[in-house]
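This report looks at charged side chains and at one pocket. Keep the sequence and the 3D view at hand while reading.

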Amino acid sequence: MKRVLYTGSFDPITEGHMDIISQAIDLFDEVVIAVLQNSKKKDFFFTQEERVTLIQKLYANNPHVQVISGNGAAVDIALEYQCAAIIRGLRGLTDFDYEIQMAGINKEISNNRVNTICLFADTNHQYISSSMVKEIFSLGKNIGKYVDPFIEEAMKKRNSKN
């Protein structure tokens, strides 16, 4: 079985993320989605536990997707879950510059056991980021084009509690 890892903070998971997951499902037997707590980010909309739960619900009917809460280095999670590779989504050149550096480091620290595979989001989703979705949402604008309706509803519910 070929299993791959897709990591991110997914705050919130966007149509771009879901496009990358869909492509990975078509290519591999199983996709492990690791929801990480990015130490560089401080303003999370959803807690890590909420993000895991939301993504689990999105993929509840797909036996090829496993959603976990992850901590630490992606390469360590990949090794722990016996993933052949780490999937990364690319939107543009700035993503590529960062990802090529990480791919080399991950391969080196895994003793060449974990590769990185870059997938390109559909052109309709290449400009979407979780940060942009949160910004648009905070301005009271429609985010339905950027996230699944289930996620949009969860954001509205979460916002009404604050």
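## E152 and K156

In this predicted model, E152 has a relative accessible area of 15%. The cut-off for buried is under 20%, so E152 counts as buried. Its partner in a salt bridge is K156, with the closest N and O atoms 3.7 Å apart. K156 has a relative accessible area of 42% and is therefore partly exposed.

Both residues belong to helix α6, where they are four residues apart, so about one helical turn separates E152 from K156.

## D11 and K134

The structure contains five salt bridges. One of them joins D11 to K134, and here the closest N and O atoms lie 3.1 Å apart. This pair links distant parts of the chain, as 123 residues separate D11 from K134. D11 sits in the loop between β1 (3–8) and α1 (15–27), while K134 is in helix α5, which covers residues 130–138.

Are these two residues buried or exposed? D11 has a relative accessibility of 1%, so D11 is buried. K134, at 18%, also counts as buried, because the limit is under 20%.

## E50 and R158

Another salt bridge is formed by the side chains of E50 and R158, at 3.0 Å from N to O. It too connects distant parts of the chain: E50 is in helix α2 and R158 in helix α6, 108 residues apart.

Partly exposed residues fall between the limits of 20% and 50%. E50 has a relative accessible area of 27% and so is partly exposed. R158 is placed in that class as well, because its relative accessibility is 24%.

## The second largest pocket

E50 and R158 also appear in the lining of the second largest pocket. The space in this pocket is about 250 Å³. Alongside E50 and R158, the lining is made up of F46, T53, L54, K57, F150, E153, A154, K157 and K161.

Which helices each supply at least two residues of this lining? They are α2 (48–58) and α6 (149–161). The largest share comes from α6, with six residues.

What classes of residue make up the lining? Six residues are charged, four are nonpolar and one is polar. The charged residues include E50 and R158, the two side chains that meet in the salt bridge between α2 and α6.

How values were computed. Residues are numbered from 1 along each chain as its sequence is written. This is a predicted model: local features need pLDDT of at least 70, side-chain atom pairs count only at pLDDT 80 or more; totals for chains, interfaces and linings use all residues. Side-chain values use heavy atoms; hydrogens and water are left out. On a 1 Å grid over the protein atoms alone, a cavity is a set of points where a 1.4 Å probe fits but cannot get out, and a pocket is an open set with protein on both sides within 12 Å along at least five of seven lines; lining residues have an atom within 4 Å of a point. Grid points are joined across faces, edges and corners, and a volume is the space filled by probe spheres set on the points. A salt bridge is a side-chain nitrogen of Lys or Arg within 4 Å of a carboxyl oxygen of Asp or Glu. Buried means under 20% relative accessible area, exposed over 50%, partly exposed in between (1.4 Å probe, protein chains only).
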